[in-house]
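Here are some notes to keep beside you as you look at this structure for the first time. Take the points in order, with the view open.

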Amino acid sequence: MLFSVLRKVNFLFGGFAVKMDAFHFDDVIKVHKVNFNGSKYDKVSRIEAESQDGNTFCQLVIIRELYSVHPNELYRMVISEVDKDNPDESDFAGYLPEGKQKSPADQFEFIMQGKVYNVSTDTSGSDTKAVVHISFGGLQFMLKSDPAKLQRFKRGQRILLLMTKL
């Protein structure tokens, strides 16, 4: 069911391909907290997670019906820029016409397309951190890490977030 939803979403977005050799972020995260927001937002959850090395923190708002995430679980999270220049190599999210080879997306359970809307620096703690904000059609994502780890993110970039449970 989920994969068919993602196929439809990818088709509606025009089937952009991802630059598989140009990951902006690729790490294993551990979910620490899942908030069920309640009231009119009862279909979404805010997830708080951290990389295994403890240097990267993220918050993601996600629709629970599309992808279920639970505390203390590990996920591989990959963020890559959408390849707008290569539409023939699209179908990344699994919409594969007959005769096409398998997509690299087949190794992921959840895929969203979004846009980077803010890149900033946080100097409030002892270490300077880069902060990237991405919107997935209103579902917000914040990634905070070492500036060198997030240097490839630029405001206005269209990106894909890919996740799979380990």
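1. A good place to begin is the pairing of strand 6 with strand 7: the two run antiparallel and are joined by 7 bridges. One pair to find on screen is Ala-130 with its bridge partner in strand 7, Ser-145. Please keep in mind throughout that this is a predicted model.

2. Next, look at the turn of this hairpin. Strand 6 and strand 7 have 2 residues between them, and Gly-137 takes a positive phi near 60° in the hairpin.

3. On its other side of the story, strand 6 also pairs with strand 5. These two strands run antiparallel, with 7 bridges joining them, and they form a hairpin with 6 residues between the strands. Here the bridge partner of Asn-118 is His-133, in strand 6.

4. Is strand 6 enclosed or open? It is largely enclosed by the rest of the structure, because 7 of its 8 residues are buried.

5. Phe-136 belongs to strand 6, which spans 129–136, and it deserves a closer look. Leaving aside residues up to four places away in sequence, Phe-136 touches Leu-60, Met-112, Gln-113, Gly-114, Phe-141, Ile-159 and Leu-161. In the largest nonpolar core, which has 31 residues, Phe-136 is one of the four that touch the most other members, together with Phe-141, Leu-143 and Phe-153. Strands 1 to 8 each give two or more residues to this core. Apart from it lies another core, of 6 residues, including Val-78, Ile-111, Leu-160 and Leu-162. As background, nonpolar side chains tend to be buried together in soluble globular proteins.

6. For a contrast in setting, turn to Lys-115, which lies in strand 5. With a relative accessibility of 46%, Lys-115 counts as partly exposed, because that value falls between the cut-offs of 20% and 50%. Its C-alpha is 6.7 Å from that of Phe-136, although 21 residues separate the two in sequence. Beyond residues up to four places away in sequence, Lys-115 touches His-133, Ile-134, Ser-135, Gly-156, Gln-157 and Arg-158.

7. How many salt bridges does the structure hold? There are 4. One of them joins Asp-27 and Lys-149, whose closest N and O atoms are 2.7 Å apart. This pair links distant parts of the chain, 122 residues apart: Asp-27 is in strand 1, and Lys-149 is in the loop between strand 7 and strand 8. Asp-27 is buried, at 18% relative accessible area, whereas Lys-149 is partly exposed, at 29%.

8. Another salt bridge brings together the side chains of Lys-165 and Glu-73, at 3.0 Å from N to O. Lys-165 sits in strand 8 and Glu-73 in the loop between strand 3 and strand 4, so the pair links parts of the chain 92 residues apart. Lys-165 is partly exposed, with a relative accessible area of 41%, while Glu-73 is buried at 15%.

9. Finally, the side chains of Asp-122 and Lys-144 meet in a salt bridge of 2.9 Å, N to O. Asp-122 is in strand 5 and Lys-144 in strand 7, 22 residues apart. Asp-122 counts as buried, at 17% relative accessibility, and Lys-144 is partly exposed, at 25%.

How values were computed
Residues numbered from 1 in each chain as written. Predicted model: local features only at pLDDT ≥ 70, side-chain atom pairs only at ≥ 80, totals over all residues. Heavy atoms only, no water. Core = buried A, V, L, I, M, F, W, Y, C linked by side-chain atoms within 4.5 Å. Buried < 20%, exposed > 50% of the residue type's maximum accessible area, 1.4 Å probe, protein only. Helix = DSSP H or I, 4+ residues; strand = E, 2+ residues; numbered from the N terminus. Contact = heavy atoms within 4.5 Å. Pairing = 2+ DSSP bridges.
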